Amino acid sequence: ELVQSVLDKANRGLEDMGEFEFRLLTKDGRYVLLTMSIATFRDVTGKMAGVVACGQDITRMKETMLEMSHIAQDLTRVINTANAPIFGMDTAGNVNEWNQKTEDVSGFSREEAFGK
């Protein structure tokens, strides 16, 4: 399907099909996630002579990103439910974190404190 779609686009005159991701089933039965860039190339008369593809296996990167997202969600949950006031500030001194206990102690809501 994917190969046919690429060839159809190339035959319609699209030079650069951009970058996209897709899953590839390997010979040993694993799936890997690839990012691909595909473009056409032409002969000296301007007729399409074929396509060239360049890809990269991004399976581990995507797995790591998902794992990091889960860790961030867990940390957010810990901060928000902590029995101690926790707040954060950026380098300009603006509040960028404000947990429930900080609201309880200060009387200021998260929305009131953020960015100040």
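**Figure 1. The hairpin of strand 2 and strand 3 in the predicted model**. Five residues separate strand 2 from strand 3 in this hairpin. In its turn, Gly46 adopts a positive phi of about 95 degrees. Strand 2 comprises residues 31–42 and strand 3 residues 48–57; the two run antiparallel and are joined by nine bridges. Among the residues taking part is Ala39, whose bridge partner in strand 3 is Val52.

**Figure 2. The aromatic pair of Phe20 and Phe22**. Two aromatic pairs are found when the whole structure is searched. One of them is formed by Phe20 and Phe22, with a centre-to-centre distance of 6.0 Å. The ring planes of Phe20 and Phe22 make an angle of 35 degrees, and the pair is classed as tilted.

**Figure 3. The aromatic pair of Phe87 and Trp98**. The ring centres of Phe87 and Trp98 are 5.8 Å apart. Because their planes meet at 50 degrees, which falls between the limits of 30 degrees for stacked and 60 degrees for edge-to-face, this pair is tilted. Phe87 belongs to strand 4 (residues 87–89) and Trp98 to strand 5 (residues 95–98), so that the pair links distant parts of the chain, 11 residues apart. The two partners are also described by their accessibility: Phe87 has a relative accessibility of 48% and therefore counts as partly exposed, whereas Trp98, with a relative accessible area of 11%, is buried.

**Figure 4. Arg23 over the face of Tyr31**. Arg23 is placed 3.8 Å from the centre of the Tyr31 ring, over its face. Tyr31 falls within strand 2, which spans residues 31–42, and Arg23 within strand 1 (16–25).

**Figure 5. Thr26 in the loop between strand 1 and strand 2**. Thr26 follows strand 1 (16–25) and lies in the loop that leads to strand 2. Its relative accessibility is 18%; since this is under the 20% limit, Thr26 counts as buried. The side chain of Thr26 is in polar contact with that of Asp28, at a distance of 2.4 Å.

**Figure 6. Met61 of helix 2 and Leu33**. Met61 is located in helix 2, which covers residues 59–81. With a relative accessible area of 43%, Met61 is partly exposed. Met61 and Leu33 are 28 residues apart along the chain, and their C-alpha atoms are separated by 9.4 Å. Leu33 lies within the residue range of strand 2 (residues 31–42).

Terms used:
Residues numbered from 1 in each chain as written. Predicted model: local features only at pLDDT ≥ 70, side-chain atom pairs only at ≥ 80, totals over all residues. Heavy atoms only, no water. Pairing = 2+ DSSP bridges. Helix = DSSP H or I, 4+ residues; strand = E, 2+ residues; numbered from the N terminus. Phe/Tyr/Trp six-rings, centres within 6.5 Å; stacked < 30°, edge-to-face > 60°. Buried < 20%, exposed > 50% of the residue type's maximum accessible area, 1.4 Å probe, protein only. Lys NZ or Arg CZ within 6 Å of the ring centre and 35° of its normal. Polar contact = N/O pair within 3.5 Å; in protein donor to acceptor, adjacent residues only side chain to side chain.
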